[in-house]
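User: I'm new to this one and would like a quick tour. Can we go through it in questions and answers?

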Amino acid sequence: MIQIPATFLRIPVAALAALSCLCMGQAGADQRPSDRPNILVIYLDDFGWRDCGFMGSDFFETPNLDRLAEQGTMFTDAYAGAANCAPSRACLMSGQYTPRHEIFNVGTGPRGKAQHRRLLHVPGTDTLSPSITTWPQRLHAAGYKTALMGKWHLSDDPTQYGFDINVGGSHSGSPPKGYYPPHPNAPGLNDAPEDEYLTDRLSDEAVKFIRGSADQTWMLYLTHFAVHTPLIAKRELVAKYESKPAGELHQHVAMATMIEAVDRGIGRIMRTINELDLDQNTVVLFSSDNGGYGPATDMHPLKGYKGTYYEGGIRVPMFVRWPGHVIAGRRIDTPVSQLDWYPTILDIAGLERSDDQTLDGVSLWPMLTEPSQTLASRALFWHFPAYLQGYSNVDEQRDPLFRTRPCGIIRQGDWKLHEYFESGDLELYNLKDDIGESENLADSMPDKASELHKAMIRWREQTDAPVPSTANPKFDTAAEAKAIADVQRKAAKNKRNR
């Protein structure tokens with residue numbers, strides 16, 4: 001079994017039992033509108049499972065996030081809805097798995113070279129359907145003043161999805177021309193001074209929003225572009241990290257400055273909340289949209305990175321903090337999903353679940369507030385009927401050409417099964433014994449593999465999940481084989497030179 005570093009053990013893991021899924025609204029049904037807390041959602045981009053101090057980074061510095069995590073409940077086995085940006089964000093906003101909202105990838109076009117793709121991908125859509133009610137819309141309808149600061153990526157205009165205020169949000173998935181101005185086509189950022197760092201500006205806008213909303217109930221979705229590429233360092237922090245000894249896990253200087261800029265901004269925001277005497281009435285939810293950017297970070301002992309459906313691509317840091325309500329100083333290893341945020345936020349705000357829209361998550365509210373409460377056993381699913389081309393470093397991808405090919409994933413308890421649609425290959429892992437997904441047990445434990453595969457097939461039928469099956473006429477076996485050999489040869493050479 002791979003050992004978890006000692007830094008993971010700062011907060012004891014709670015003992016967990018079984019709990020039937022609660023109907024929405026029970027936990028907060030007796031709250032009056034004036035009792036509803038402010039809600040601060042901090043959502044980072046490409047921020048890996050180990051990129052925080054509280055998750056064990058040995059180079060990146062996040063003292064403000066570490067403090068918040070230790071004041072709340074943290075989840076070690078928290079998952080994004082997908083392994084890359086747009087589909088994961090659609091899952092967060094909708095509370096639904098990808099087959100329901102049909103955003104499967106970033107964009108709808110094919111990714112990677114045509115001669116390397118055996119199947120025609122399922123394009124899906126690139127815009128969150130207006131027919132889906134988001135949780136910001138639910139909060140807005142309940143009287144919350146709502147704002148988005150940063151990345152949106154799901155349509156041209158986030159204000160159509162429940163936000164009163166939008167600073168920076170558009171259909172773009174990357175920082176507008178980088179982290180220093182100009183920021184063309186980014187709402188509210190056209191006046192950026194020449195030396196202003198984008199992360200700092202978004203934090204400043206968050207502070208301004210909170211100060212201007214202190215006399216009413218508010219929700220802020222602070223969705224930083226950081227630490228998405230391009231990796232552009234915050235200039236005044238470069239010398240600090242260039243002189244700092246590299247860690248065994250992390251050592252990327254530009255990434256370190258980007259992370260510190262985020263953390264400093266969160267510190268300013270929390271000081272503002274305290275200054276306005278809002279701390280006891282403000283819930284903070286924190287996470288990232290997918291695993292870390294492979295060339296610049298490492299999620300070890302997890303395998304993989306952004307774009308893969310190994311743990312490093314979908315497992316993310318996550319905590320919830322609300323003084324006096326959410327249990328402080330606790331670390332939970334129950335598998336949870338960002339799809340659970342929608343019903344949890346409804347419970348926090350004392351709102352009923354609507355019968356008009358399917359929510360695939362469950363409320364974490366009982367578990368956050370009562371030590372004896374846990375979640376009933378359930379499966380978590382991922383569905384990716386598309387392709388995502390590979391990084392130059394290929395050690396933790398399934399094959400040298402793609403971070404992932406079309407696949408389906410299920411986690412149930414300690415067990416995780418991958419199915420790859422091109423070949424029908426199955427990969428079975430026991431995450432309790434093999435968190436790094438190094439030993440495929442599909443052949444040695446065919447009954448367990450079959451059990452999980454059948455459950456995944458039933459789920460696909462229930463959600464009308466499209467499985468690509470049409471052969472790609474442009475696929476070229478010889479070209480694929482040559483490309484694989486070329487990448488492997490280059491990777492071997494780079495490894496020898498390191």
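User: Leaving aside its neighbours within four places in sequence, which residues is Glu 419 in contact with?
Analyst: This is a predicted model, where local features need pLDDT of at least 70, side-chain atom pairs count only at pLDDT 80 or more, and totals for chains, interfaces and linings use all residues. Residues are numbered from 1 along each chain as its sequence is written, and side-chain values use heavy atoms, with hydrogens and water left out. Contact means heavy atoms within 4.5 Å. With those sequence neighbours set aside, the list for Glu 419 runs: Pro 406, Cys 407, Gly 408, Asp 425, Leu 426, His 453, Met 456 and Arg 460.

User: Is Glu 419 buried or exposed?
Analyst: Buried means under 20% relative accessible area, exposed over 50%, and partly exposed in between (1.4 Å probe, protein chains only). Glu 419 has 9% relative accessibility, so the verdict is buried.

User: Which buried residues does H9 have?
Analyst: Helices (H or I, at least four residues) are DSSP runs, numbered from the N terminus. H9 spans residues 341-349 and is mostly covered, with nine of its nine residues buried. They are Trp 341, Tyr 342, Pro 343, Thr 344, Ile 345, Leu 346, Asp 347, Ile 348 and Ala 349.

User: Which residue just after H9 takes a positive phi?
Analyst: Look right past the end of helix H9 (residues 341-349). With a phi of about 70°, the residue there is Gly 350.

Key
Helices (H or I, at least four residues) and strands (E, at least two) are DSSP runs, numbered from the N terminus.
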